[in-house]
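Student: I should like to understand how the terms used for a protein model are justified. May we take the terms one at a time?
Tutor: Certainly; let us look at the structure together.

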Amino acid sequence: PNVEAPLGDFFGVMHGVDFYPVNTPFISVKEHNGYECFFEMPFAKSARLEVENGPDASNSFYIQVAWHRYPDQEMKEKRRFSAQWRREMPTARYGNDYLILDADGPGQLVGFFYGVRLIDSVDRWSHGGAENIYLDGLGEQPAYLRGIGGEDTFATSYGGVLHRPETHLYDGIPYYVSEDTGEARSAQRLVGYRFYVADAIRFRESIRFQFGSMENDIASMVYWYQEGAPRRYVKLPAWEKMLPATELKAGQMD
């Protein structure tokens, strides 16, 4: 597997909570810190899993890994699983879209998680726009996929203002709270996810995946398969820069 950040990073770091339920074919989260990952991660020669602890030495965990061995067989599958975590704070209001993924092909986008801590009181978080996916920009048949409002990507409406947290197979907003910060409107804290299964997104040359944003604190985790080595355009920041409400300007992870 080619994984930039462990599953626990996204759930713990984005909102400082240990649990909210997620029930999908790929990711499952249960109460009392039960995290499960069901992505296929093919490897031909070897695989290495590493977990890096934070500064709190009292943390502990256990892990189980299920894998299959096929003696005397040759694996012809060229694609490899990849995952990448990003964060930016503050993002630009109606400016450059928040960057989720920039990768080479051939490959397939599987899905992503998207977390927002609302800071901007000018407009709803969702009015910055939704997904903007550019496929094969240098190829013979480039394509551009564009969503409408940010909440529509996760199959809800009206900015999710009256949304009750829920989880479904391929999309949902499992974490949604409103906090009174003294501003005229409450500050939303939310996490949405989307997996492209029935509507598979494949690319030959390249993919660039961005999401419209207001001036907020945003983090994401994206999952995809690709042939060849991934482009290493992200360097994880220091632990304190991963924490909510800390400044991490655009480009500092690139």
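Tutor: We begin with a pair of facing residues: Val22 stands opposite Val29 in β3. Please keep in mind that this is a predicted model.

Student: How do you know that β2 and β3 pair?
Tutor: Two strands pair if DSSP finds at least two bridges between them. β2 and strand β3 (residues 27-30) have two bridges in the antiparallel sense, so the requirement of at least two is met.

Student: What makes β2 and β4 the edges of their sheet?
Tutor: The sheet is open and antiparallel, with three strands in the order β2-β3-β4. β2 (22-23) and β4 each have a single partner strand, so one side of each is left without a neighbour in the sheet.

Student: Which strands form the open sheet of four, and which are its edge strands?
Tutor: Four strands form that sheet, in the order β6-β14-β8-β9, and the pairing is antiparallel. β6 and β9 (143-146) are called edge strands, as each pairs on one side only. On average, neighbouring strands of this sheet are turned by 10° against each other, direction ignored.

Student: How do you know that β6 pairs with β14?
Tutor: Six bridges join β6 to strand β14 (residues 206-211), and the two run antiparallel. The rule asks for at least two bridges. One of the facing pairs is Asp104 with its bridge partner Ser206 in β14.

Student: Why is the contact between Asp104 and Arg231 called a salt bridge?
Tutor: The term requires a side-chain nitrogen of Lys or Arg within 4 Å of a carboxyl oxygen of Asp or Glu. The closest N and O atoms of Asp104 and Arg231 are 2.4 Å apart, so the pair satisfies the cut-off of 4 Å. The pair links distant parts of the chain, with Asp104 in strand β6 and Arg231 in the loop between β15 (217-227) and α2 (239-242), 127 residues apart.

Student: Are Asp104 and Arg231 buried or exposed, or something in between?
Tutor: Partly exposed lies between the limits of 20% and 50% relative accessible area. Asp104, at 31%, therefore counts as partly exposed. Arg231, at 32%, is partly exposed as well.

Student: Which residues are linked with these two in a network of salt bridges?
Tutor: The network consists of Asp102, Asp104, Arg208 and Arg231. Asp102 is found in strand β6. The side chains of Asp102 and Arg231 are also joined by a polar contact of 3.0 Å, which satisfies the limit of 3.5 Å for such a contact.

Student: Why is Asp102 called buried?
Tutor: Buried means under 20% relative accessible area. Asp102 has 17%, so Asp102 is buried.

Student: How many salt bridges are there by this rule?
Tutor: The count comes to 11. Among them is the pair Arg93 and Asp120, whose side chains meet at 2.7 Å, N to O. Arg93 lies in the loop between β5 and β6 (98-104) and Asp120 in the loop between β7 (107-117) and β8 (131-135), so the pair ties together parts that are 27 residues apart in sequence. Arg93 is partly exposed, with 37% relative accessible area, whereas Asp120, at 3%, counts as buried.

Student: What makes Glu77 and Arg79 a salt bridge?
Tutor: Their closest N and O atoms are 3.4 Å apart, so they too satisfy the cut-off of 4 Å. Glu77 is partly exposed at 35%, and Arg79 is partly exposed at 26%.

Student: Why is Ile63 called exposed?
Tutor: Exposed means over 50% relative accessible area. Ile63 has 54% relative accessibility, so Ile63 counts as exposed. Ile63 is found in the loop between β4 (34-37) and β5 (79-88). Together with Leu49, Val51, Phe61, Val65 and Trp67, Ile63 makes a nonpolar surface patch of about 670 Å².

Student: What makes β12 a mostly covered strand?
Tutor: Nine of the nine residues of strand β12 (residues 187-195) are buried. Both faces are covered: Ala187, Arg189, Val191, Tyr193 and Phe195 lie on one side, and Gln188, Leu190, Gly192 and Arg194 on the other.

Student: Which strands pair with β12?
Tutor: β7 pairs with β12 in the antiparallel sense over seven bridges, and Phe112 stands opposite Arg194 there. Strand β11 (residues 171-179) also pairs with β12 in the antiparallel sense over seven bridges, and the bridge partner of Asp171 in β12 is Arg194.

Definitions and conventions: Residues numbered from 1 in each chain as written. Predicted model: local features only at pLDDT ≥ 70, side-chain atom pairs only at ≥ 80, totals over all residues. Heavy atoms only, no water. Patch = residues over 30% accessible without salt bridge, like charges linked within 9 Å, V, L, I, M, F, W, Y side chains within 5 Å. Areas by Shrake-Rupley, 256 points an atom, 1.4 Å probe, with all protein chains shown as cover. Buried < 20%, exposed > 50% of the residue type's maximum accessible area, 1.4 Å probe, protein only. Axes fitted to C-alpha atoms, helices over the stretch in contact; angles between N-to-C directions. Polar contact = N/O pair within 3.5 Å; in protein donor to acceptor, adjacent residues only side chain to side chain.
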